[in-house]
Amino acid sequence: MPSAASAQWLTTAFMLTMAVVIPVTGVLLQRYTLRRNFFTAMGLFAVGSAVAAFAPTFDVLLVARVVQALGTSIMLPLLFTTVMQLVAAEKRGRTMGLVAIVTAAAPALGPTVSGVIVSSLGWQWVFILVLPIAVLAIAGGAVWLRNVTPTMSARFDVLSVLLSAFGFSGVVYGLASIGEEAGSEGGLPIWVPLSIGIVALVALVVRQLALRETDRVLLDVRVFTGRLFTVSTVMIVTVSISLFGSLILLPLYVQQVLGEPAYIAGLMLLPGGLLSGILAPFVGMVYDKVGPRILILPGAVIATGAMFAFSTLGTSTPVGLVIGMHMLLSVGTALMMTPLMTTALGSVAPKLYSHASAIVNTLQQVAGAAGTALFITLFTVVSTATISGDALTGLADGVGTAFRIGGFISIAGIALALFLRKPDPASTTSPAPGDDQTQTEDAESEVPA
């Protein structure tokens with residue numbers, strides 16, 4: 001049985017792989033057809049799940065998780081880009097809402113469902129039960145999926161790929177290590193991967209600007225010249241920091257401060273996750289009618305209020321009240337995430353959909369690592385500083401401090417929401433420079449990869 005520190009690498013390796021591969025999908029989605037990208041993504045995910053289900057050693061399981069992450073890294077941007085290319089602007093909200101049923105609810109439902117499976121059947125069944133779903137998806141894709149999205153000339157720039165890999169993996173690894181270092185000594189100093197990552201990312205941006213008029217650009221950073229994309233993306237980052245930080249800290253609070261068992265901590269997230277999934281399609285439909293601001297502004301206020309409510313958690317707070325606070329946070333994030341993603345991607349030219357999707361999904365990974373690092377570090381530092389007194393009070397103080405800082409970060413979302421509006425389809429549907437290279441391959445002649 002691996003140690004907790006070793007098991008943590010299953011999550012860290014998945015995050016690192018996502019951070020390295022997602023930036024490359026901007027080129028993958030331009031260069032290869034929809035079917036080829038789909039079968040590559042689902043094939044990798046299925047293979048990774050199969051290997052993980054029957055992994056004889058921890059090392060094999062770790063490799064299997066990396067293979068799973070490779071498939072997931074391609075599938076997420078592919079999903080968003082395909083929606084943007086196929087769905088009319090006036091119906092994108094409801095479609096993105098359907099997508100958000102999975103992407104919004106999964107972080108909360110995953111720990112609950114997997115906890116029940118592990119406790120009743122064993123950890124292998126987490127992967128065994130996922131495998132037939134992946135196989136059915138591949139079979140369904142073989143029957144119904146067609147190459148209905150365009151391809152265009154795009155080449156990989158080796159230097160850009162290397163800079164992206166070192167940049168995003170360095171930042172994510174450094175952020176993921178902050179919380180661990182706050183409570184222990186030794187190991188690689190966090191400033192080393194963070195410094196390497198930041199320098200590499202600066203060099204990556206310079207390189208992309210130099211390649212902007214060529215077909216070798218990896219991540220077209222010109223998408224940030226649009227105010228709507230920039231504001232929406234910054235808000236997605238702030239929401240992700242609060243969301244991932246709360247998802248990692250709330251179970252720790254329930255177990256370490258309230259003394260509840262692990263399965264209670266997992267079940268605590270279930271109502272909020274279900275609520276997010278239920279609200280997502282309705283939020284999308286409202287977005288199509290009234291635009292983003294009327295949804296995002298109250299969502300930001302609700303989420304901020306929930307974060308400050310969490311800052312009042314103490315040593316005797318009822319679990320039911322914690323569940324209610326988490327449901328409040330879930331309502332706030334549900335009102336924001338679908339409109340923000342739809343606004344961000346809908347504000348760029350069609351040629352840039354794949355680049356915009358890759359950038360947003362990559363920054364979500366970085367924000368998730370940052371949120372986890374921030375909340376765990378504040379929790380560890382504050383609780384350790386007061387541990388000489390009442391241990392439980394010190395832990396509760398650490399939780400409260402982390403959520404209080406998260407609340408102040410969320411306030412920025414309230415201010416940014418005032419600058420949002422619905423993208424004008426007429427301003428983004430005109431052909432972008434280089435669209436004369438666009439071509440669509442015959443669906444029937446494509447051989448699945």
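## Aromatic pairs

Searching the whole structure turns up six aromatic pairs. The model is a predicted one. A ring pair is described by how far apart the centres are and by the angle of the planes.

One of the six is formed by Trp 123 and Phe 127. Their centres are 6.4 Å apart, and the planes meet at 80 degrees. That angle is over 60 degrees, so the pair counts as edge-to-face. Trp 123 is partly exposed, because its relative accessibility of 32% falls between the 20% and 50% limits. Phe 127 is buried, because its 11% is under 20%.

## The Phe 310 and Phe 403 pair

Phe 310 and Phe 403 also form an aromatic pair. Here the centres lie 4.7 Å apart and the planes make an angle of 35 degrees. The pair is tilted, because 35 degrees is neither under 30 nor over 60.

Which helices hold the two rings? Phe 310 belongs to helix 12 (residues 293-310), and Phe 403 to helix 15 (residues 391-417). The pair therefore ties together parts that are 93 residues apart in sequence. Phe 310 has 0% relative accessibility and counts as buried. Phe 403 is likewise buried, at 0%. Ring pairs also bring in Phe 375, giving a cluster of Phe 310, Phe 375 and Phe 403.

## A lysine over a ring

Tyr 287 has a charged neighbour on its ring face. Lys 422 lies over that face, 5.6 Å from the ring centre.

## Helix 13 against helix 14

Helix 13 (residues 319-346) packs with helix 14 (residues 353-385). The angle is about 140 degrees, and the axes are 9 Å apart. Is the arrangement oblique or roughly antiparallel? Roughly antiparallel needs an angle over 145 degrees, so helix 13 is oblique to helix 14.

On the helix 13 side, the contact involves Met 337, Met 341 and Leu 345. They meet Tyr 353, Ala 356, Ser 357, Val 360 and Gln 364 in helix 14. By type, the contact residues are six nonpolar, two polar and no charged.

## Two buried residues in these helices

Gln 364 sits in helix 14. Its relative accessible area is 17%, so Gln 364 is buried under the 20% limit. Beyond its neighbours within four places in sequence, Gln 364 contacts Met 337 and Met 341, along with Ile 236 and Ser 240. Both of those methionines are among the helix 13 residues that meet helix 14.

His 326 is placed in helix 13. Its relative accessible area is 3%, so His 326 is buried. What does His 326 touch, leaving aside neighbours within four places in sequence? The contacts are Leu 247, Leu 250, Met 268, Leu 269, Gly 272, Gly 273 and Phe 310. Phe 310 is also a member of the phenylalanine cluster.

## Val 205 and Val 221

Val 205 is part of helix 8 (residues 191-210). At 37% relative accessibility, Val 205 is partly exposed. Val 205 and Val 221 are 16 residues apart along the chain. Their C-alpha atoms are separated by 7.1 Å.

## The whole chain

The chain contains 16 helices and zero strands. Of its 449 residues, 48% are buried. Take the contacts with a separation of 6 or more: residues 24 or more positions apart account for 83% of them.

Terms used
Residues are numbered from 1 along each chain as its sequence is written. This is a predicted model: local features need pLDDT of at least 70, side-chain atom pairs count only at pLDDT 80 or more; totals for chains, interfaces and linings use all residues. Side-chain values use heavy atoms; hydrogens and water are left out. Rings of Phe, Tyr and Trp (its six-membered ring) pair if their centres lie within 6.5 Å; planes under 30 degrees apart count as stacked, over 60 as edge-to-face and the rest as tilted. Buried means under 20% relative accessible area, exposed over 50%, partly exposed in between (1.4 Å probe, protein chains only). Helices (H or I, at least four residues) and strands (E, at least two) are DSSP runs, numbered from the N terminus. A charge sits over a ring if NZ of Lys or CZ of Arg is within 6 Å of the ring centre and within 35 degrees of the ring normal. Axes are lines fitted to C-alpha atoms, for helices over the stretch in contact, and angles run from 0 to 180 degrees between N-to-C directions. Angles under 35 degrees count as roughly parallel, over 145 as roughly antiparallel, 65 to 115 as roughly perpendicular and the rest as oblique. Contact means heavy atoms within 4.5 Å. Ala, Val, Leu, Ile, Met, Phe, Trp, Tyr, Cys and Pro count as nonpolar, Asp, Glu, Lys and Arg as charged, and the others, Gly among them, as polar.
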